[in-house]
Amino acid sequence: MKKLMLSMTAAVAVAVCSAGESEQERSWPWSPVGVGIAAPLQIPWTDSDVLGLRFGGFFGLNYRVWGLDLGLAEVAQENFAGLQLSGFSWTSADMWGLQLGALGNVVRGNAVGAALGAVNAVGGDATGLEAGLVNVAGALAGVQLGVANWNRLASGGAQLAAFNMDLVKFYGLAVGVVNVAEEFQGAQFGVINCANGMTGVQLGFVNVAENMHGVQIGAANLIATSPLPVMVVANMSF
């Protein structure tokens, strides 16, 4: 399994690095059906769109793919829209639809819809659902379900995982063993809850906030800027 994942990742990297044909250079603009064994052993060519059904075999590579996409490793050099069933998927621009990738789904642009796989990574905005072992987004507007959830930009919605990390700001609900956020507005439920700036409720065994506008409930509660910074059972600051 590890060798297979490394092989597919290498193939995707080579394909993405070699991509770059302009619209004018594409020899076969589009096809309603795409069939192949492994790129470039496929019809239509790698610089063509597939608007309908693609069966990529071991490795499918096309420009845009809209419709139903089936294969072991599937790559869209531009946008993808539709339903994707694969071992691993890579979209170099934006995605709209549903991705079911056993090993993972990577979208370098924005994603609207749902991604289910071991690893789900969106470079831009993720709107909808990410469900897997590890979920990563630039900015989330929706739900993340996994072992670890990680967002780089201001996000909102709900997170459920063993570990939730938000590097900028999160609005909504975080449920996990450990919840960490730079700024959080809403509710954190976990064994350990940490936020630099917290507005709302922290419910856990240990709750930590630099600045708090709300209530902490737990065995140990720390509000660094409060007159009573450490309290048991409950602490609050407004």
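Student: What kinds of residues line the second largest cavity?
Tutor: In this predicted model, the lining of the second largest cavity divides into four nonpolar residues, six polar and one charged. Nonpolar here covers Ala, Val, Leu, Ile, Met, Phe, Trp, Tyr, Cys and Pro, charged covers Asp, Glu, Lys and Arg, and the others, Gly among them, are polar.

Student: And what counts as a cavity, or as its lining?
Tutor: On a 1 Å grid over the protein atoms alone, a cavity is a set of points where a 1.4 Å probe fits but cannot get out, and a lining residue has an atom within 4 Å of a point.

Student: Which residues line the second largest one?
Tutor: The lining of the second largest cavity is made of G34, V35, G36, Q42, I43, P44, R54, F55, G56, G60 and N62. Two or more of these residues come from each of β1 (30-38), β2 (41-43), β3 (49-55) and β4 (60-62), and β1 gives the most, with three residues. The strands are DSSP runs (E, at least two residues), numbered from the N terminus, while helices are H or I runs of at least four.

Student: How much space is in there, and how much in the largest cavity?
Tutor: The volume of the second largest cavity is about 30 Å³, and about 90 Å³ lies in the largest, where a volume is the space filled by probe spheres set on the grid points, joined across faces, edges and corners. The largest cavity is lined by 17 residues, and A111, A115, V122, L129 and E130 are the closest to its centre. Its lining takes two or more residues from each of β7 (95-107) and β8 (111-131), with β8 giving the most, 12 residues. By type, the lining of the largest cavity holds 10 nonpolar residues, six polar and one charged.

Student: Back to P44, where does it sit?
Tutor: P44 is in the loop between β2 and β3, and the peptide bond that joins I43 to P44 is cis, with omega about -5 degrees. Another cis bond runs from A39 to P40, with omega near 10 degrees, and P40 lies in the loop between β1 and β2.

Student: New topic: is E182 buried or exposed?
Tutor: E182 has 35% relative accessibility, so it counts as partly exposed; with a 1.4 Å probe and protein chains only, buried means under 20% relative accessible area, exposed over 50%, and partly exposed in between. E182 is part of strand β11 (residues 155-223). Apart from neighbours within four places in sequence, E182 is in contact (heavy atoms within 4.5 Å) with D166, L167, V168, A195, N196 and G197.

Student: What about V233?
Tutor: V233 counts as exposed because its relative accessibility is 59%. This residue of strand β12 (residues 230-237) has a positive phi, near 70 degrees, although V233 is not a glycine.

Student: How many helices and strands are there overall?
Tutor: The protein has one helix and 12 strands, with the helix placed before the strands when read from the N terminus. Of its 238 residues, 44% are buried.

Student: What is the model's pLDDT like?
Tutor: The average pLDDT, the predictor's confidence in each residue from 0 to 100, is 91, and 89% of the residues score at least 70. Over residues 1-23, however, the pLDDT is below 50. Where pLDDT is low, the predicted coordinates should not be read in detail.

Student: What conventions apply here?
Tutor: Residues are numbered from 1 along each chain as its sequence is written, and side-chain values use heavy atoms, with hydrogens and water left out. As this is a predicted model, local features need pLDDT of at least 70 and side-chain atom pairs count only at pLDDT 80 or more, while totals for chains, interfaces and linings use all residues.

Note on methods: On a 1 Å grid over the protein atoms alone, a cavity is a set of points where a 1.4 Å probe fits but cannot get out, and a pocket is an open set with protein on both sides within 12 Å along at least five of seven lines; lining residues have an atom within 4 Å of a point.
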